[in-house]
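Subject: A structure for you to explore

Hi there,

Here is the structure I promised to hand over. Please open it next to this email, and then read on for what turned up in it.

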Amino acid sequence: MSKKAKRNRKSAASRARGRRNGSGTAGQVPPKAISNGNQPFQPEHPTQPPGEGFSLWVTPPGQSGPQRRIDAGTPAANPSGMLSLANIGAPREQPGNVRVALGAPSQDAPDAEKNVPDFDPAGVLRRYVDGDHDGAVDACSKTLMAFDRVNYEVVTPEIRRRVNEFVETLLYLLTRPDLVLTRLQTMLLLGAHHTLANLVAISAFKSTDAHLAIIGEQERNYGKTLLLHSVRNRRRVNPKQLFDVDPEVASMWYATYGLCSVSAIAEHVWKNLKEHLAYVDERLQVPDHRINGLLFQATYVDDDLARAIKSRFNTDIQRQIGATTPKLTPVRDRIAIISGKWRRGTAVYRSLSPLVDTLRGKYRLTLVCLGKQEHGVDTEGFDEVRYVAQEGRAFKCGSVKETDFQLAFFPDVGMTSESIWLSNMRLAPIQAVGYGHPTTTAGSRIDYFIGGAEVELPDKAQQFYSERLVLIPGLAAVPVLPAYTPKFPPQESDCMVINLPWSVAKINYPIVMRLKAIQDRITRPVEFRFFPGSGLHRYHSVPIILKELGGILGTSARLYSERRYADYMGEQEQAHFALESYPFGGYNTVVDSLHLGKPIVTQEGDRFYNRASSALLRRVGLDELITHSEEEYIDKAVRLANDDDYRQDIADHLRKTNLKARIFDDDSAQYFCKAIDYLIENHERLQAEGSREPIFVR
């Protein structure tokens, strides 16, 4: 027998043993099951009848009505019935390679190149050819996970070459009809779904649209479909089909689909994200800690859409928790502060720690720290400190197995996965939440939301909050004097510099298009300075954000990486004025701008996160910077840029205003303690009332 015949015979034997896929072929040894907390994973796909592949159905962008398959060409254009890519759509003209500066990059090119994971494409392909499909997939999976642990701000030709090499190899394997992913492989690869999407985006491939088309008629293509389909695709797969096949795996895909777009700047990415969040399948489950990323992102895209997802996730978390509840032996003067952000310098700590300080001396306080134990957690003044952490599906909450808290206050539900899970448990007879993440928990075990009478609309309380709203005088978030002394340098440049102190999730297509409209009407050179903070440094997103911002704003955009607070404030001082994001605005960033004497334009909405800035502007007598529509917002920004005298008048007004008296001498924190007193005294009566009307504490 020839060597070639022996190889073919060996390959046939491998296929008979089922080494290549998870189809359940006789003789296959299933991968080791892993626990999901309730039931073990079944690491194989549901059996699909021969010849009935999982076809992809999409709605073409801008169209509604009947859907069509991504793999099928029109009869006229494709009379042979062979695969056609015609309906993917003609490639759109790409924006020019515009250089958008990264202020003080934390990573230079040589260091970045050292962090590129080792990958042997020839070895991987050799495994595939020899029939070791599991080995080829596992090698790609390990490399993908290695990419997931690093982040590139700088993409050199060498980095791009090596990313291309990896992406090309993995996409080739995923389009091979004879390579079928097991259920376990699919779940593991979905753990870095967001990183894969961005690696593809910075590679020469740009997207996986063509690859989705190729696998459209293949059998058992479910796992491949999930991995190849992200928010960066031009076409969308009908998500119901994905849940029909395997709700648990589809839930992992649902949670990771949009995470790659830390800033949804491209128009099609923004639209895809909105459509994705609008679909909430009744079979949607909580897969693991990635729900935090999804819920956090959804809040900034559309709070109403986010509420439906939160409600579904809360229901599933409560199902998973079941009868596992802490033993409660409440003591009247014991209160827990449950936070993942109780560190000096965080926005949560800065605005809510003055509220908690009012409880000291009257109540015995326990700090429950969420997440990994980090340096900088402020434990001073607490009688006890406990820790709760989640790693994947391992939820280490033994420290709250038994509690003696009369009331548990959650400053920042939604900022960490642990806060989401714990808010669905009963850790105390009375549970309340605050403005650390200023939006409803939408059906968790939280009883009250403590808000500010100065910013809330009482008649909308039941519409916006699943909790009963408790209103105290002021903002329920204390403006704290920044630890920075302004230098008030002169703005001598001919270029109009505008600050955009927005977290990365607030940079999106609609708000960037506002900036484009402003840019087009300003009569001098303009520079938009983005300060997105630490969230920028995830999933290799920096090169993508740079390109997308450059495609719209050109060289007028400047993106700053994370920096020390003093440096951040010093750079803010170089600008002429600032703009607030919308619909999710800022709070501490507005305080910073006013402290620096910088006018800031805001658009007022109907919730705390787009009304707090308006309240601050009213306190300092700058109602004229409060707008109520996109057009008014653009007009006001253009006037500040073009009318030097008007802008100087506003700045002079701020410089002359006694901000200490108007903003920082805020005594409203005392009412937080009164609210806690009231809830402890009256909780049983309030529960018996069954009302959700707002409660006013004065």
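First, please keep in mind that this is a predicted model. The protein contains 26 helices and 20 strands. Of its 698 residues, 58% are buried. If you take the contacts between residues at least 6 apart in sequence, 73% of them join residues at least 24 apart. On the outside, the protein exposes about 29,100 Å², and carbon and sulfur atoms supply 49% of that area.

**The nine-stranded sheet**

A good place to begin is an open sheet of nine strands with mixed pairing, in the order β8-β7-β6-β5-β10-β11-β12-β13-β20. The edges are β8 (394–396) and β20 (695–696); each has a single partner strand, so one side of each is left without a neighbour in the sheet. At the β8 end, β7 (residues 384–391) pairs with β8 in the antiparallel sense over three bridges. There you can find Ala-389 opposite Lys-396 of β8. Helix α26 (residues 670–689) packs on this sheet, where it touches β5, β10, β11, β12, β13 and β20. The direction of α26 makes about 150° with that of β13.

As a reminder, strands of a sheet pair through backbone hydrogen bonds, either parallel or antiparallel.

**Three strands and two crossovers**

Next, have a look at β17 (residues 577–579) and β18 (residues 600–603). These two strands pair in the parallel sense over two bridges, and Leu-579 has Val-601 of β18 as its bridge partner. Together with helix α21, they make a right-handed β-α-β unit.

How many of the eight residues of α21 are buried? Seven are, so the helix (residues 588–595) is largely enclosed by the rest of the structure. The buried ones are Asn-588, Val-590, Val-591, Asp-592, Ser-593, Leu-594 and His-595. Just after α21, Gly-597 takes a positive phi of about 75°.

In β18, Ile-600 and Thr-602 point one way, while Val-601 and Gln-603 point the other way, and all are buried. β18 also runs parallel to β19 (residues 626–627), joined by two bridges. In that pair, Gln-603 stands opposite Thr-627. From β18 the chain crosses through helix α22 (residues 612–619) to β19, and this β-α-β crossover is right-handed.

**Nonpolar cores**

In soluble globular proteins, nonpolar side chains tend to be buried together. Here the largest nonpolar core has 190 residues, and the ones that touch the most other members are Ile-518, Phe-530 and Leu-579. Setting aside residues up to four places away in sequence, Phe-530 touches a group that includes Leu-500, Trp-502, Ile-507, Leu-549 and Tyr-560. Apart from this core lies another, of six residues, among them Tyr-484, Phe-531, Met-569 and Leu-596.

**One residue to zoom in on**

Finally, try Ile-650, which lies in helix α24 (residues 644–656). Is Ile-650 buried or exposed? Its relative accessible area is 3%, and buried means under 20%, so Ile-650 is buried. Leaving aside neighbours within four places in sequence, Ile-650 is in contact with Pro-599, Leu-622, Glu-624, Leu-625 and Leu-640. Ile-650 and Phe-577 are 73 residues apart in sequence, and their C-alpha atoms are 9.9 Å apart in space.

Enjoy exploring, and send me any questions you have!

Best wishes

Notes
Residues are numbered from 1 along each chain as its sequence is written. This is a predicted model: local features need pLDDT of at least 70, side-chain atom pairs count only at pLDDT 80 or more; totals for chains, interfaces and linings use all residues. Side-chain values use heavy atoms; hydrogens and water are left out. Helices (H or I, at least four residues) and strands (E, at least two) are DSSP runs, numbered from the N terminus. Buried means under 20% relative accessible area, exposed over 50%, partly exposed in between (1.4 Å probe, protein chains only). Contact means heavy atoms within 4.5 Å. Accessible areas come from the Shrake-Rupley method with a 1.4 Å probe; for residues, only the protein chains shown count as cover. Two strands pair if DSSP finds at least two bridges between them. Axes are lines fitted to C-alpha atoms, for helices over the stretch in contact, and angles run from 0 to 180 degrees between N-to-C directions. A nonpolar core is a set of buried Ala, Val, Leu, Ile, Met, Phe, Trp, Tyr and Cys residues joined through side-chain atoms within 4.5 Å. A crossover is right-handed if, with the strands pointing away from the viewer, the path from the first strand over the helix to the second runs clockwise.
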